[in-house]
Every structure is written in C-alpha cells, then in structure tokens.
Amino acid sequence: MCRYKIWEIDCLITVHQKAGVLMSIATPGALTVIMLAASAIFCLIVLWLYLHHVLQHSESNRETTIRELTDSLSDGAFILKNDHFIYVNPSLCAVLDYSIKDFKRMKWQDITTVENSGNAAQLLKELREGKRREFQAKLTGVRRDGSKILLNVTAKRVSSSGGGKLYAGTIRVASEPSAPSDQPGTDPMTGLPGRLRLRHDMLHEILDGGAVSFALILVDVDGLTRVNDTLGHEAGNQLLILAAKRLAACERDHVYHFQGDTFAILLKDISRAEAERHMKRISEEFTGPLSLNQSPWYESVTMGISFFPDDADNRSQMIEHAEAAIHYAKKVSKGKYQIFNPAIGRKMKKQLELEMDLRRALSRDQLVMYYQPQIDLRSGTMQGNEALMRWVHPNLGVISPSVFIPLAEQIGIIEEIGEWALETACRQTKIWNELGFDFRLSVNLSPKQVLQDNLADLVRQTLRKTHFPPQLLHLEITETADADLLMMARKLGELRDLGTGISIDDFGTGYNSLNYLKALPLTQMKIDQSFIRKDYYNQHNTALIRTIIALAEELKLQVVAEGVETAEHVRFLKQLHCDLAQGYLFGRPLPAASLLSQIPLINRQITLASLDA
Ligand code: C2E
Ligand code: MG
Ligand code: MG
C-alpha cells in the first residue's frame, strides 16, 4: 500500500504545476532547459519519496526483528528512559515475577532491595553524567513476593530521546541468596512435588523456553473441610493422599501439591481444547468413590486454568488467574472447571480494588452506623434500636453490609470493624439516653468475632469506655455451618456474665437452629424477616411463625419479629404475644443524625398500627 503523506503528494503536484507555468512563459531553447531541469527535479523527488518509503518500511521491519530477538532472549533485557522501564522482555518478567504492565509503573531502583537501591541509582547516575560508558554490577533484586535474588546486571547508555536519556541492559540470575527454601521440594504427605517446585518449574519453562506455551490447572478438593469436621483430620489427610494418587494416575508428570486442599498440574504446549479434555477426565475420575475410614466417600473437585503466555506473562499472574478461575467456578457450582478469561480478570481486579478500599474504609471515616427502631408490641413504645452498618464508598455510593461484612471476614478485618461498630453504637445510644431516652441497643456480631480470643475483654472495655450499661445491650449472633458450639457457649457465657443479652438473629433460616437453642445461653430470638415480609407472608409461613413463637415462649426467650411491613403483620404478631417488632412499617434504618427527628413519625406509625388491631 502506498503510504505517501498528503504533503508529499501536494509537493509532486506543485512541481508539475510550476513546470507548466514556466513552459507557458518561456522561449523554445530555454523551454528545453526548463523541461529537463523540471523532470530532473521531479525524478529526484520521486526517488527521494521511494527511498523514504523503503527506509520507513525497513526501519519498522528492523524494529520488529530486533524486538522479536530481544523478546526471545533467555537473559532478561530492558530499556530505561531516565530511570523508568519502557521495555522489558518476558525473561525479565519471569525472573522478577512482575508483569510488563507492572514494570511500566516501576523505576529502575524498584527492582532492587532498599540497601541496594542507592547503589543502583548511583550506577545509573554515573552513566547519565558520562562518568562511565557502561557498567557491570551484581545487585540484589527483589521479586514481587519479596524474595531476593542475586543478579548480574549490565547496562549502557544508548541514545537520547525527546529530552530523556535511554539506557539498555541485560540481567542474568547469579544465585538466589535469601531463598534457600525455594528449591525443588517434595511434599512429605502426598509424595508430590510442592508449591516451590511448581514455581521453580514454571520459571524454568518461561526462562528456558522449553515450551512455547503451557497451562496451569489448579484443582481444589471440594470436601476437605467437611471431612476434617465430620471424620477428623486424619481422614482429611487420607483424602488428600487419595486425591493426589488419583491426579497422579490421571496426569503422570507435573502434578504438584500446591497448598492445603489444592493441587496443581502443568501441561506443556497444549491447546485449550486438549487442556479441557484433561479437566473433563479428572472430573470423571473423581466420580468414583474413595475409600475413607473403610467407607466409600464421594468427592468432587473444582478446577481453574490459565494459559501462558495468553493469559499471563509471569508465574504469579498465572497462579492468580488460575485461582480467580477456580473462585469463579465455585461461585457457579462446585465440581466444575473454569477457563480463565479477561472478564474473570476484570471481576477479580474489581474485587481486589474493593478489598483495598475496604481496608482503608475505617481510617477514612467511610463506615457509618444506621439505627432501626424496635417497637415493644405490648406497650406500643419504641424500645430501642438495632445498629446496622453502612459503607459510604466515595465512588460506588452506599454499600450494603451483606456485601462488605462477608468481605471484611474474608480479608481478616472484621474484628477491627466490629470493635468500631460496638463502640460507635454504644457511644451514640448513651448520648440519646442522656437526653432522656431509655433506648436499648442491639449490635450484630460476626461469627468470626464470636470466636475472637478476647471478645469478653473487648466488650467489657467498650462498655466501660462508653459508660454504657450492659443490661441495655443485646449482642446478635448468626448461625454458621461449621460452628464449634461448645466453644461458642463458653464465649457467650462470658458475655452473659458481663450482663449483656445474647440474641440469635435470622432464626429459622439455618439448618442448625435447634442445636443453637439447646447449646447456647441465649436471651432473645429474632425471627427472620423471610417469614414475615409482605412478599413471603402466607398461610404456610404464619403457621411457622406461630410455632417459633410458642417455642421461644417455652424456652423463655424474648421474641423479635423482623421484616414487619404492614399493620396486618402487627395484628397477627400481637395476637401471638410476640414481644418486639422491627421493620419498614415503623422505620427504615436511619443515620444517627436523623433518628430523633423521625420519632414523631415512628410514633404515628405505632398509633396507626395499634388502631388497626
Ligand atoms: P440483620 O441483622 O438481620 O438486619 C436486618 C436487616 O433487615 C437489615 O438489613 C435491615 O435493613 C433489613 N430490614 C429491616 N426491616 C426490614 C423490612 O421490613 N423489610 C425488609 N425487606 N428488610 C428489612 P441490612 O441493614 O442491609 O443488614 C444486613 C445484614 O448485615 C444484617 O442482617 C446483619 O447480619 C449484617 N450487618 C449489618 N450491620 C452489621 C454490623 O455492624 N456487624 C455485623 N457483623 N453484621 C452487620
Ligand atoms: Mg441483626
Ligand atoms: Mg436478621
């Protein structure tokens, strides 16, 4: 395709036009000279354009060839502009475990240890100031995971560009001083190579180019927690050993025990279709029973896969992407597999960003307490409030606790957030009560908080700090699948000793509700809103509510009905002698600043509901 620029074509036309004009005014002798000169100029211009065209093409071809060459080097190669990376080859990404994108955000000094970064900066400075033409140095590099690696580095100043200085260099691994454990190793329990060996082998594949491409499959054994909880840890270990044998029988080589209940498989030079066949075969292999404690045990596995170099250009990213794929597969349904794709990557990125934001939410004052009134159905008065947390995200708006509380549990910051919630709610209620109210307060505890070592101490200190009377506080707990009820009973007993009430929240939705009632020192039961809310309120559910309230009466537990939305609900609950009601009929959760101004409206709703009765 002809790629002459507009101005070049303009130039050709102008030469022709000028020759024509000259011809119209000149004598015949002079005309010949002018014609010759004009065609010579024309030829020169065409030749120049041709050369320009050819040169441009060969330059871009040359650039492509050079890039292909450097990309395929087994040594790390880089180009710096000033002290920023503007090019790195895949080998350098592999050695330091950063992606090309990461490098583009990094400075030269960032790849070395803090102790070394002064030295690294000095070397570059000497190149910049012309004190050296090039340098060869040993530097201690730092990988993404913080492990150190000794590097032989050479660099040279190459040319200047756009005011910036360019340096090109190579990096070769000298040794790995601080990672003696990062040697190939075998996991003693399963007999399979472990995670470090996997990372080592992946690096080897990437660096030595032994394979053009490879796939990493992560395989999660779905039921390990269940086996540990029901049959004991010995059986759990047995399950892992049997799973390892099955996988090794399926794949022969390159099966690793990645961590806990996760195995990994490396497949070299493999197409997506072939890799999928491997995963199907593994799934099928696990449909047959395993023998655990001399009994048949049916186990499923969930898999996630990522491909090099399509999905990632370094080991950590390969692993992250395979993990993201597993995570995604598990959300859909256990026992399946998922191939990584950019949409999963984007979701993962969003999730990570949300996690990062949540970690900072508390220190940035983005968490807010809302309060929802609870109404005493006997006296027809507002008895107090349940404190419900909100996260006011600067870009995403108000985020529901059903979204961020599980996330806070997952990333291990629930205790910190829970502590803040308790203190804030006690402090606020104390302020209201000093104004003449006599509000009780309910605060939710996450199951993780209940198991916290120092829970009772923490509650005691908070009550003391805020001067809040324990008898006005109810702590709400919810059911979890693998609760240790004995331990919970002990912890909750300590809270009862402080004088607080303990409430079982969302009663009727878990599958362990009766065991909770039997084992724990409860004072209150909250019937889950899914029995009462308008959209669920039917004959079937009213029969269940009747039974639950009768049960609570027998056990001498105070009953709170959640999700009270209509006067009919109130009438029905009053008939059954339900103690308290909470729901949109009386008021939605409100920020502290709005609650007092809403009290007349809440009272009006109470009156209207009682009139109906
Ligand atoms: P929960 O403790 O069962 O709180 C009741 C939930 O039902 C609240 O949702 C409330 O807004 C909603 N609700 C109340 N009345 C009605 C009604 O009439 N109709 C309907 N449709 N919904 C009603 P919210 O505030 O989104 O909280 C959701 C859950 O998040 C809470 O359920 C609780 O388990 C958890 N949570 C909230 N705040 C905290 C906290 O500070 N700490 C912990 N660990 N968990 C919290
Ligand atoms: Mg609650
Ligand atoms: Mg509830």
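These questions and answers cover metal sites, salt bridges and two helices in a predicted model.

Q: Which residues are the protein donors of the magnesium ion (ligand 3)?
A: The donor atoms lie 1.9 to 2.7 Å from the ion. Along the sequence the donor residues are spaced D-D-x55-E. Glu 562 is listed with OE twice. The donor residues are Asp 505, Asp 506 and Glu 562.

Q: Which strands hold Asp 505 and Glu 562, and how many residues apart are they?
A: Both residues are donors of the magnesium ion (ligand 3). The pair links distant parts of the chain. Asp 505 sits in strand 18 (residues 501-507) and Glu 562 in strand 20 (residues 558-562), 57 residues apart.

Q: Are Asp 505 and Glu 562 buried or exposed?
A: The cut-off for buried is under 20% relative accessible area. Asp 505 has 7%. Glu 562 has 8%. Asp 505 is therefore buried, and Glu 562 also counts as buried.

Q: Which residues are the protein donors of the magnesium ion (ligand 2)?
A: The donors of this ion follow the spacing E-x57-N-x31-E-x28-D along the chain. They lie 2.0 to 2.3 Å from the ion. They are Glu 386 (OE), Asn 444 (OD1), Glu 476 (OE) and Asp 505 (OD).

Q: Where in the chain do Glu 386 and Asn 444 lie, and how many residues apart are they?
A: Both are donors of the magnesium ion (ligand 2). Glu 386 is in strand 14 (residues 381-393). Asn 444 is in strand 16 (residues 440-444). The pair links distant parts of the chain, 58 residues apart.

Q: Which of Glu 386 and Asn 444 is buried, and which is partly exposed?
A: Buried means under 20% relative accessible area. Glu 386 has 2%. Asn 444 has 29%. So Glu 386 is buried, while Asn 444 counts as partly exposed.

Q: Which residue bridges the magnesium ion (ligand 2) and the magnesium ion (ligand 3)?
A: The two ions lie 4.2 Å apart. One residue appears among the donors of ligand 3 and among those of ligand 2. That bridging residue is Asp 505.

Q: Which helices are linked by the salt bridge of Arg 281 and Glu 251?
A: The two side chains meet at 3.7 Å, N to O. Arg 281 is partly exposed at 38%, whereas Glu 251 is buried at 10%. The partners are 30 residues apart, in helix 9 (residues 272-285) and helix 8 (residues 233-251).

Q: How many residues apart in sequence are the parts that Lys 465 and Glu 423 tie together?
A: Their side chains form a salt bridge at 3.1 Å, N to O. Lys 465 lies in helix 15 (residues 455-466) and Glu 423 in helix 13 (residues 414-434). Glu 423 is partly exposed, at 22% relative accessible area. The parts are 42 residues apart.

Q: What separates Arg 460 and Asp 457 in helix 15?
A: Their side chains meet in a salt bridge at 2.8 Å, N to O. Arg 460 counts as partly exposed at 35%, and Asp 457 is partly exposed at 38%. Because they are three residues apart in helix 15, the separation is about one helical turn.

Q: How many salt bridges does the count come to?
A: The pair of Lys 465 and Glu 423 is one of them. The pair of Arg 460 and Asp 457 is also among them. The count comes to 22 salt bridges.

Q: What should helix 10 (residues 315-332) span?
A: The helix has 18 residues, taken at 1.5 Å a residue. Its end C-alpha atoms are 26 Å apart, which agrees with the expected span. That span is 26 Å.

Q: Which residue has a side-chain oxygen that reaches the backbone nitrogen of Ser 316?
A: The contact lies at the start of helix 10. Ser 316 is among the buried residues of that helix. The oxygen comes to within 3.2 Å of the nitrogen, and it belongs to Asn 314.

Q: Why are the buried residues of helix 12 on the same side?
A: The buried residues are Pro 401, Phe 404, Ile 405, Leu 407 and Ala 408. What covers them includes helix 11, strand 13 and helix 13. On the other side, Ser 402 and Gln 410 are exposed. The buried residues share a side because they cover an arc of only 165 degrees.

Terms used: Residues numbered from 1 in each chain as written. Chains lettered and ligands numbered in written order. Predicted model: local features only at pLDDT ≥ 70, side-chain atom pairs only at ≥ 80, totals over all residues. Heavy atoms only, no water. Donors = N, O, S within 2.8 Å, 3.2 Å for Na, K, Ca; no water. Helix = DSSP H or I, 4+ residues; strand = E, 2+ residues; numbered from the N terminus. Buried < 20%, exposed > 50% of the residue type's maximum accessible area, 1.4 Å probe, protein only. Salt bridge = Lys/Arg side-chain N within 4 Å of Asp/Glu carboxyl O. Expected span 1.5 Å × (residues − 1). Polar contact = N/O pair within 3.5 Å; in protein donor to acceptor, adjacent residues only side chain to side chain. Arc of directions from axis to C-beta. Contact = heavy atoms within 4.5 Å.
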